[in-house]
Amino acid sequence: MRQKAYGLIVFVSLAATLGIGAGRALPEPAKRETLPTQGWSTYKNPRFGFQLSYPGGLLIRTETPNATDGAVWASADGNVRLLATAATNETAETLASYRTFVMGESYAGARFDYTPVRDNWFVLSGQQGTNIFYERITFVCDGRFIYGWQFNYPVDQRARFDPIVEAIHRSYKPGRGDEGKC
């Protein structure tokens with residue numbers, strides 16, 4: 001499998017950025033933080049400054065090997081997963097080349113149903129096997145940093161989770177580089 005190196009991180013997907021490679025089990029949920037049992041919580045990454053809101057009563061934050069780069073949350077049964085991360089774009093990928101790479105490496109064989117592209121971001125959404133995926137990638141600081149988040153859930157729960165994806169998308173704010181230094 002072809003992979004592109006981005007500094008010390010290999011971006012095969014957002015999961016790889018956080019140290020969760022293909023074929024590896026999702027880490028066990030960490031002890032429940034002070035998350036509400038109902039409603040939404042907000043995560044703000046201290047290093048890269050991005051933030052998003054997520055259903056804190058539904059998703060439990062899990063341990064990740066690269067916690068300074070982002071975070072992973074999962075449902076109690078592990079069938080629903082949210083990842084959010086950022087990294088330096090050390091190989092100077094363009095938005096277009098990185099989009100092509102992610103489509104081929106992370107979503108080979110997937111059926112895409114929503115794929116907008118803007119000046120500094122793109123979304124890939126569709127179905128792969130029995131799961132729905134939604135991934136947003138944003139380039140900041142003239143492309144020197146890549147930010148992203150990804151939400152995966154079972155197809156048979158689409159009616160429940162599509163509105164959650166929309167709410168996460170509306171809440172998402174990318175940061176301004178490593179420790180705010182573009």
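A residue is called buried here when its relative accessible area is under 20%, exposed when that area is over 50%, and partly exposed in between. With that in hand, the tour can begin, on the understanding that this is a predicted model.

**Colour by confidence**

Before selecting anything else, colour the chain by pLDDT: its mean is 83, and 79% of the residues reach 70 or more. Then pick out residues 1–37, over which the pLDDT is below 50, although this stretch has 93 contacts in the model beyond near neighbours in sequence.

**Helix 3**

Next select residues 158–171, which make up helix 3. At 1.5 Å a residue, its 14 residues should span 20 Å, and the end C-alpha atoms are indeed 20 Å apart, which agrees with that expectation. Show the side chains of Phe161, Ile164, Val165, Ala167, Ile168 and Ser171, which are the buried residues of helix 3. If you turn the view to look down the axis of helix 3, these buried residues fall within an arc of 165°, so they line one face of the helix. The general reason for such a pattern is that an α-helix has 3.6 residues a turn, so residues three or four places apart point the same way.

What lies over the buried residues of helix 3? Add strand 4 (51–54), strand 7 (81–88), strand 10 (131–140) and strand 11 (145–154) to the selection, since the cover includes these strands. Now rotate to the face of helix 3 turned away from its buried side, where the exposed residues Ala159 and Arg170 are found.

While still on this helix, select Arg158 and Asp162, which form a salt bridge whose closest N and O atoms are 2.9 Å apart. Both residues lie in helix 3, 4 residues apart, or about one turn of the helix. Asp162 has a relative accessible area of 23% and is therefore partly exposed, and Arg158, at 27%, likewise counts as partly exposed.

**The disulfide**

Move on to Cys141 and Cys182, which form a disulfide with their sulfur atoms 1.8 Å apart. A search of the whole structure finds 1 disulfide. The link of Cys141 and Cys182 is left-handed, with -65° about the S-S bond. It joins distant parts of the chain, for Cys141 sits in the loop between strand 10 and strand 11, whereas Cys182 belongs to the segment after helix 3, 41 residues apart. Is each cysteine buried or partly exposed? Cys141 counts as buried because its relative accessibility is 6%, under the 20% cut-off, while Cys182 is partly exposed, with a relative accessible area of 38%.

**Salt bridges beyond the helix**

The structure holds 5 salt bridges, and a further one to select is that of Arg47 and Asp178, whose side chains meet at 2.9 Å, N to O. This pair, too, links distant parts of the chain: Arg47 is in the loop between strand 3 (41–44) and strand 4, and Asp178 is in the segment after helix 3, 131 residues apart. Arg47 is partly exposed at 28% relative accessibility, and Asp178 is partly exposed at 22%.

Finally, select Lys181 and Glu179, which form a salt bridge with the closest N and O atoms 3.8 Å apart; both Lys181 and Glu179 are exposed. To end the tour, add Asp69 to Arg47 and Asp178, as salt bridges that share partners join Arg47, Asp69 and Asp178 into one network.

Definitions and conventions. Residues are numbered from 1 along each chain as its sequence is written. This is a predicted model: local features need pLDDT of at least 70, side-chain atom pairs count only at pLDDT 80 or more; totals for chains, interfaces and linings use all residues. Side-chain values use heavy atoms; hydrogens and water are left out. Helices (H or I, at least four residues) and strands (E, at least two) are DSSP runs, numbered from the N terminus. The expected span of a helix is 1.5 Å times one less than its number of residues. Buried means under 20% relative accessible area, exposed over 50%, partly exposed in between (1.4 Å probe, protein chains only). The arc is that of the directions from the helix axis to the C-beta atoms. Contact means heavy atoms within 4.5 Å. A disulfide is a pair of cysteine sulfur atoms within 2.5 Å. A salt bridge is a side-chain nitrogen of Lys or Arg within 4 Å of a carboxyl oxygen of Asp or Glu. pLDDT is the predictor's confidence in each residue, from 0 to 100.
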